[in-house]
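Here are a few short exercises to work through with the model open beside you. Try each task before reading its solution.

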Amino acid sequence: MDFYNRLMNLDRRWVYLVVGIAVIIPVLNPFRVPVFVTQEVRSIYDFVESLEPGDIMFLAIDYDPQAMAEVHPMARAIMRQCFAKDVKLIISALSQNGPGMAEQLISEVAREFGKKSGIDYCYLGYKPYFGLVILAMGQNFRIPFPEDYYGVPLDSLPMMRDVRNYDDVKGVVDISSGNITDAWIIYGNGRYDVKLAIGVTGVMTANYYPYLASGQIFGLMGGLKGASEYEALSKQGDRAIKMMSIQTTAHIVIVLFIVAGNIGYFMSRKKNKK
Amino acid sequence: MDLGTIIWNTIALFLTVCIFSFLYKDNPFYKFAEHLVVGVSAGYFAIILFYNGFVPKVWIPVTTRGEWWYLLPAILGVMTWTRFSKKWAWISRFSIAFYMGIAVGVALPLEMQQRVVKQLHATMLPVHFMDIQGFWNLLIILGVLCGLVYFFFSVEHKGAVGGAARLGIWILMIGFGAGFGLTVMGRISLLADRIQFMREWYLMVTQALWGA
């Protein structure tokens, strides 16, 4: 078997090994890569920056723990930016395995900024059938969530006293790893004209650019790159920024493998023709 | 750092290594971790659903407020379980039909508006050559039209139609390429996070053991 055919039949475990090494090297020898901010991420940052102290924003934490690597830094950075500006937050977690994880993040960031549940933020938690929950919240948050996550009636929370529905919040930022984002676009924006921005996993990103172009969403953060851009803008955390060096080395290796694989394919096809 | 955190993180590390072992070949450690994550997710979801769905929407209204009509949707829900019996499976069709009717009624007008009408509207753009935006608008219109021509099978893809379909497939390929690139980024993010976690575990354990 000649070199090109051997290249074509390379055991995939060698690929895993080389990618693994490419990921480990920047972890052991950290370095920074420049982060270039795109307009779709800047729009979200500018929106949060434009809010006044006391304004209310809705943050939807709609992902499960398996997507934490990509979207958790987005949620953390936005939450920290809001709390730093004294913007109040209403938070929901409509992905079934996410409410505990969301609570952990909220209490951690709230403790850091000295924020109190019911006064500075209201964590609604989870209710099944996200589409119906999003629709019902458009009428009144109390329909799907008569109580917050901790079992306290919404009417007894100071920050929720004059808050009924989406009309009382400045906008919604949905951080998601699944089709809850579609429900926010279709029901939240479509039915109630909610001002909506989204943060999604890398796999999902390409699917949501048409909604950005049509103006149905005003901002989009895609995967770890989007998270790193937001961290760079808001200066709230640097976990995603740190991981971009790992992305860079891994991507270089993958591109080299793709090039080598294509060379092997074309050369072996040429030889086989002869 | 307390002992509990170290123990839980060590278990997490062990499970991470179990999952990574599949990269070499399938093995009992991988199977164990895979079954554990499926079981834990299903169990967690069942409990969350019970306490956030059944208890506030059925149990409390019926038992504390005497609102017995909340039992009606619960009965419809129970009826779907008849699918497990060949003899009684037909009963489940009533609840599925009810659910489908509501879901379609709620979703269809909004889906049409958000996914079709607004997206069509977004492609009706002014074409001009005064600035670069006019060129991008033309590219979007051409891309959409050529992409649609590729899926139009009532006319043979020859001549002008064939050319448009060929351009359409190129545009689709560029879209798939962007999707693939972003997917690779997503998967590498997950790997990077686990490697970062391993490093943090190592630092935590060495600090706990030797205070360094």
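A β-α-β crossover is called right-handed if, with the strands pointing away from the viewer, the path from the first strand over the helix to the second runs clockwise. Keep in mind that this is a predicted model.

**Exercise 1.** Find the unit that β5(A), helix α8 and β6(A) make, and work out its handedness.

*Solution.* Start with the strands: β5(A) covers residues 196–200, and β6(A) covers residues 219–222. The two run parallel and are joined by 4 bridges. For one such contact, look at Gly199(A), whose bridge partner in β6(A) is Met221(A). Now add helix α8 (residues 202–213) of chain A: together with β5(A) and β6(A) it makes a right-handed β-α-β unit.

**Exercise 2.** Which way do β4(A) and β5(A) pair, and over how many bridges?

*Solution.* Strand β4 of chain A spans residues 172–176, and its pairing with β5(A) is parallel, over 5 bridges. Within this pair, Val172(A) sits opposite Leu196(A) of β5(A). To get from β4(A) to β5(A), the chain passes through helix α7 (residues 180–192), and this β-α-β crossover is right-handed.

**Exercise 3.** Sort the residues of β5(A) by the way they point, and decide whether they are buried or exposed.

*Solution.* Buried means under 20% relative accessible area. One way from β5(A) point Leu196(A), Ile198(A) and Val200(A), while Ala197(A) and Gly199(A) point the other way. Both sets are buried, and the strand as a whole counts as mostly covered, with 5 of its 5 residues buried.

Key
Residues numbered from 1 in each chain as written. Chains lettered and ligands numbered in written order. Predicted model: local features only at pLDDT ≥ 70, side-chain atom pairs only at ≥ 80, totals over all residues. Heavy atoms only, no water. Buried < 20%, exposed > 50% of the residue type's maximum accessible area, 1.4 Å probe, protein only. Pairing = 2+ DSSP bridges.
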